[in-house]
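Welcome! Here is a short briefing to help you find your way around this structure. Take a look at the sequence and the model first, and then we can go through the main features together.

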Amino acid sequence: MRPRFPTRRAIQLALTANAIRPVPGVRASVPAFFAGWLTGELAPHLLALTVADTAAHLARRGARSTSDRVALGMAAASAAGLGSLIATSQKAKGAVEGALAEALGPRYVEDLERPPDPKDLATPWGQLVLPFRMRNPDVRRDRNLAYAPGGKRFLMDVYRPRTPVEGRPVLLQIHGGAWMIDSKDHQGIPLMLHMAQRGWVCVAVNYPLSPKAHWPDHIVGVKRAVAWIREHIHEYGGDPSFLAATGGSAGGHLSALLALTPNDAGLQPGFADADTSVQACVPHYGVYDFAATSGSPASKARLEGLLARYVVGKDPARFLDEYIAASPLDRITDKAPPFFVIHGAHDSLVPVREAREFVRRLRETSEQPVAYAELPGAQHAFDVFPSIRSAHVVRGVERFLDWTYLRWLRDERG
């Protein structure tokens with residue numbers, strides 16, 4: 001049975017309020033995330049539904065009762081809140097561009113082969129009307145290629161331009177899901193479709209998941225995928241000598257750790273001679289303080305709960321060194337590749353201060369550019385489907401990767 005109009009409006013107002021100011025606390029983090037994520041990224045759609053529902057109710061019943069008038073007040077408050085969320089989403093454009101200009105130089109766009117025009121920087125409203133319909137006729141997807149024996153957790157998809165290409169830069173997408181769930185089929189799609197349309201070859205990988213697998217099986221799987229890419233991606237038009245890594249949440253952790261542990265023999269059993277370096281890294285809302293060495297209460301709770309029980313399966317008090325070896329925050333060296341770290345200011349699952357500390361340490365140590373975009377109002381997983389915010393982020397990532405690739409080409413050619 002459909003909830004009554006006042007109930008619908010009360011629920012929407014509560015969801016909007018949580019998206020504007022997420023409910024705090026570790027116990028509330030998961031429901032606060034889910035409610036805030038969908039409400040924030042789908043704010044234009046929810047605003048349209050609120051207006052339509054309210055108009056239909058007024059046409060059918062008017063505002064005769066006190067409950068009707070209260071519900072109309074809640075509808076107005078929801079509409080104002082959703083409008084605020086839409087305006088905040090638009091701020092991602094400035095946050096991303098400001099981060100790139102700070103890290104790469106205010107005139108970095110002059111180094112791009114095709115500097116962005118007003119259309120590139122505008123919100124692609126037509127694309128956002130049906131956000132879950134993620135297709136691009138200019139992109140071909142080669143599905144379920146095995147990069148190692150072991151079944152579906154060792155499969156990858158390749159996204160590439162429909163028109164055959166050669167020697168194009170490669171982007172590796174690593175999915176998130178708390179090292180325990182999800183697959184290559186559900187994350188990073190907007191970015192890969194965008195980059196493949198513009199000539200990149202993109203690879204989305206599965207990897208072993210906990211609790212069946214235990215650390216370091218996850219990163220070993222990712223490094224096996226990199227070894228496969230080095231050997232075979234030319235068959236799909238990619239240049240095996242330039243590989244950038246990206247991913248969100250657990251995928252952000254894995255992409256960052258991959259970038260910071262090139263050719264680490266301890267993480268490459270049986271393929272220690274393979275080149276597993278990457279030339280750039282763009283982690284989104286990643287887990288960086290794996291060992292909780294920063295002292296963050298949220299990091300400590302994650303360490304003692306999720307990681308110790310399911311992902312690593314060892315007592316962190318006795319085996320802390322193993323957690324440190326898995327922690328990007330503790331693996332930073334001056335050999336780190338260029339980074340573009342992206343995090344939401346309202347992230348309920350991985351607090352933003354974790355990203356801030358990672359960036360601070362990277363900038364202190366790395367010899368390469370470190371860009372950092374902290375997105376106003378953004379929750380975890382803001383980029384899973386096209387939205388106002390994710391569209392601006394995708395285009396900013398494109399500019400960062402193109403700039404990094406072109407600089408790498410110039411260095412390689414002397």
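Let's start where two helices meet: the axes of α7 and α13 come within 10 Å of each other and cross at roughly 50 degrees. Please keep in mind that this is a predicted model. From this crossing we can move on to the sheet, then to a second helix pair, and finally to some details of the loops.

**The α7 and α13 pair**

- An angle between 35 and 65 degrees falls outside the parallel, antiparallel and perpendicular classes, so α7 and α13 are oblique to each other.
- The two helices, α7 and α13, cross in a right-handed way.
- On the α7 side, the residues in contact are Pro190, Leu191, His194 and Met195, and they meet Val394, Arg395, Val397, Glu398 and Leu401 of α13.
- Sorted by class, this contact between α7 and α13 holds six nonpolar residues, one polar residue and two charged residues.

**The sheet**

- Eight strands form an open sheet with mixed pairing, and their order is β1-β2-β4-β3-β5-β6-β7-β8.
- At the edges are β1 (139-146) and β8 (370-375), each of which pairs on one side only.
- On average, neighbouring strands in this sheet are turned by 20 degrees against each other, with direction ignored.
- Within the sheet, β2 (residues 155-161) and β4 (residues 201-205) run antiparallel and are joined by four bridges.
- If you would like one pair to look for, Tyr159 stands opposite Cys202 in β4.

**Helices lying across the sheet**

- The helix α7 (residues 189-197) lies across β1, β2, β3 (168-174), β4 and β5 (238-248), and α7 runs at about 40 degrees to β2.
- Its partner α13 (residues 388-413) lies across β3, β5, β6 (280-284), β7 (339-344) and β8, and α13 runs at about 165 degrees to β6.
- Strands β3 and β5 therefore appear in both lists, as strands that α7 lies across and as strands that α13 lies across, where contact means heavy atoms within 4.5 Å.

**The α1 and α3 pair**

- Another pair to visit is α1 (residues 5-20) and α3 (residues 43-61), which pack at an angle of about 160 degrees with axes 11 Å apart.
- Angles over 145 degrees count as roughly antiparallel, and that is why α1 is roughly antiparallel to α3.
- The crossing in which α1 passes α3 is left-handed.
- Here Phe5, Arg8, Arg9 and Gln12 of α1 meet Leu46, Thr50, Asp53, Thr54 and His57 of α3.
- By class, the contact of α1 with α3 has two nonpolar, four polar and three charged residues.

**The annotated region**

- In the UniProt record, an unreviewed entry, the feature "domain: BD-FAE-like" is placed at residues 156-362.
- Along residues 156-362 the chain is 33% helix and 19% strand, and the C-alpha atoms at the ends are 30 Å apart.

**Loop details**

- Which peptide bond ends at Pro211, and is it cis or trans? The bond from Ser210 to Pro211 is cis, with omega near 5 degrees.
- You will find Pro211 in the loop between β4 and α8 (217-232).
- The peptide bond from Trp215 to Pro216 is also cis, with omega near 15 degrees, and Pro216 lies in the loop between β4 and α8.
- Asn263 is not a glycine, yet its phi is positive, at about 60 degrees.
- The loop that holds Asn263 is the one between α9 (250-260) and β6.

Conventions: Residues numbered from 1 in each chain as written. Predicted model: local features only at pLDDT ≥ 70, side-chain atom pairs only at ≥ 80, totals over all residues. Heavy atoms only, no water. Pairing = 2+ DSSP bridges. Axes fitted to C-alpha atoms, helices over the stretch in contact; angles between N-to-C directions. UniProt positions renumbered as here; feature names shortened; annotations may be inferred. Parallel < 35°, antiparallel > 145°, perpendicular 65-115°, else oblique. Left-handed = near helix turned anticlockwise from the far one by under 90°. Nonpolar A, V, L, I, M, F, W, Y, C, P; charged D, E, K, R; others polar.
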